[in-house]
Amino acid sequence: EMLVAVAVLMLAIVAPITIAAKSLENARFAREQTTAFFLAQEGIEAAVKHRNEGALRFFAGTDTTSWDWIDDVLRTANCSTGAPCSFDVNNDLAPFRCDAGGRTCDIYKVSDLGLVTFAHDSSGEDTPYRREVQMTASGGGLNIVSTVTWGDGPRQVTLQTFIYDVYAN
């Protein structure tokens with residue numbers, strides 16, 4: 001009778017603890033996946049912002065060279081070769097090739113004035129995230145695929161968009 005009571009008590013204790021542990025694991029994964037989604041979205045938005053800022057400089061007359069934003073984005077970092085590129089949103093926003101100049105696509109947590117952001121600044125705190133942005137000229141625009149990987153497996157989030165050459169003559 002005592003053994004049955006102990007077994008029932010153990011089931012009553014172990015089951016909720018197991019459920020709570022699994023819930024915590026799912027919540028951690030959801031947080032990581034949400035962060036990865038926002039980092040992938042940021043990669044696409046950085047490409048659009050880079051295009052728009054180049055147009056503003058050109059039309060304001062501060063950049064007097066002939067401006068072709070598609071060529072500018074791809075040529076700046078030699079991203080047209082299929083090598084992964086990324087954008088450092090906390091610095092100059094220019095695209096850079098992940099395997100050149102000692103840079104990587106790894107993302108770090110950076111604290112500045114109490115704000116925590118993610119950047120490619122290797123002096124920051126390590127994170128499991130890596131962002132690669134593939135850009136391909138196609139049909140008068142730029143096809144952008146932003147992929148963020150993290151963790152074991154690895155896990156990944158991929159977003160894709162196409163931005164048109166709205167500044168064409």
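A disulfide, as used here, is a pair of cysteine sulfur atoms within 2.5 Å. With that in hand, here are the legends for the close-up views of this predicted model.

**Figure 1. Cys-98 and Cys-105 are joined by a disulfide.** The S to S distance in this bridge is 1.5 Å. The torsion about the S-S bond of Cys-98 and Cys-105 is about 65 degrees, and therefore the disulfide is right-handed. Both ends of the bridge can be checked for cover. Cys-98 has 5% relative accessibility, so this residue counts as buried. Cys-105 is buried too, its relative accessible area being 0%. If you are wondering about other such bridges, a search of the whole structure finds one disulfide.

**Figure 2. The chain is built from two helices and seven strands.** Reading from the N terminus, you will meet the elements in the order α-α-β-β-β-β-β-β-β. The chain has 169 residues, of which 33% count as buried. Among contacts with a separation of 6 or more, 44% come from residues 24 or more positions apart. On the outside, the chain exposes about 10,400 Å², and carbon and sulfur atoms supply 57% of that area.

**Figure 3. The largest nonpolar core has 22 residues.** In soluble globular proteins, nonpolar side chains tend to be buried together. Those with the most contacts inside this core are Ala-36, Phe-87, Tyr-129, Met-135, Leu-142, Ile-144 and Val-148. At least two core residues come from each of helix 1, strand 1 (85-87), strand 5 (125-138), strand 6 (141-150) and strand 7 (155-164). Helix 1 gives the most, with six residues. Ile-144 is a good place to zoom in. Setting aside neighbours within four places in sequence, Ile-144 is in contact with Ile-44, Ala-47, Val-133, Gln-134, Met-135, Leu-159, Gln-160, Thr-161 and Ile-163.

**Figure 4. Met-2, Val-6, Leu-9, Met-10, Ile-13, Val-14 and Ile-17 make a nonpolar surface patch.** The patch covers about 690 Å². Take Val-14 as a sample member. Val-14 lies in helix 1, which spans residues 2-60. With 41% relative accessibility, Val-14 counts as partly exposed, because partly exposed covers the range between 20% and 50%.

**Figure 5. Arg-28 and Glu-32 form a salt bridge inside helix 1.** Side chains of opposite charge can pair when their charged atoms come close. In this pair, the closest N and O atoms are 2.9 Å apart. Arg-28 and Glu-32 are four residues apart, about one turn of the helix. Is each partner buried or partly exposed? Arg-28 is partly exposed, with a relative accessible area of 40%. Glu-32, at 12% relative accessibility, counts as buried. The structure holds six salt bridges, and this is one of them.

**Figure 6. Arg-131 and Glu-42 meet in a salt bridge through their side chains.** The N to O distance is 2.9 Å. This pair links distant parts of the chain: Arg-131 sits in strand 5 and Glu-42 in helix 1, 89 residues apart. Arg-131 is buried, with a relative accessible area of 2%. Glu-42, on the other hand, is partly exposed, at 24% relative accessible area.

**Figure 7. A salt bridge pairs Asp-106 with Arg-130.** The closest N and O atoms of the two side chains are 3.2 Å apart. Here again the pair links distant parts of the chain, with Asp-106 in strand 3 (residues 106-112) and Arg-130 in strand 5, 24 residues apart. Asp-106 is partly exposed, with a relative accessible area of 28%. Arg-130 is partly exposed as well, with a relative accessible area of 26%. Elsewhere, Arg-28, Glu-32 and Arg-155 are joined into one network by salt bridges that share partners.

**Figure 8. Thr-127 has its place in strand 5.** Thr-127 has 19% relative accessibility and so counts as buried, because the cut-off for buried is under 20%. Which residues does Thr-127 touch, not counting those up to four places away in sequence? They are Ile-107, Tyr-108, Lys-109 and Phe-118. For a sense of distance, Thr-127 and Gly-151 are 24 residues apart in sequence, and their C-alpha atoms are 9.4 Å apart in space.

Methods
Residues are numbered from 1 along each chain as its sequence is written. This is a predicted model: local features need pLDDT of at least 70, side-chain atom pairs count only at pLDDT 80 or more; totals for chains, interfaces and linings use all residues. Side-chain values use heavy atoms; hydrogens and water are left out. Patches are made of residues with over 30% relative accessible area and no salt bridge: like charges are joined within 9 Å, nonpolar side chains (Val, Leu, Ile, Met, Phe, Trp, Tyr) within 5 Å. Accessible areas come from the Shrake-Rupley method with a 1.4 Å probe; for residues, only the protein chains shown count as cover. A salt bridge is a side-chain nitrogen of Lys or Arg within 4 Å of a carboxyl oxygen of Asp or Glu. Buried means under 20% relative accessible area, exposed over 50%, partly exposed in between (1.4 Å probe, protein chains only). A nonpolar core is a set of buried Ala, Val, Leu, Ile, Met, Phe, Trp, Tyr and Cys residues joined through side-chain atoms within 4.5 Å. Contact means heavy atoms within 4.5 Å.
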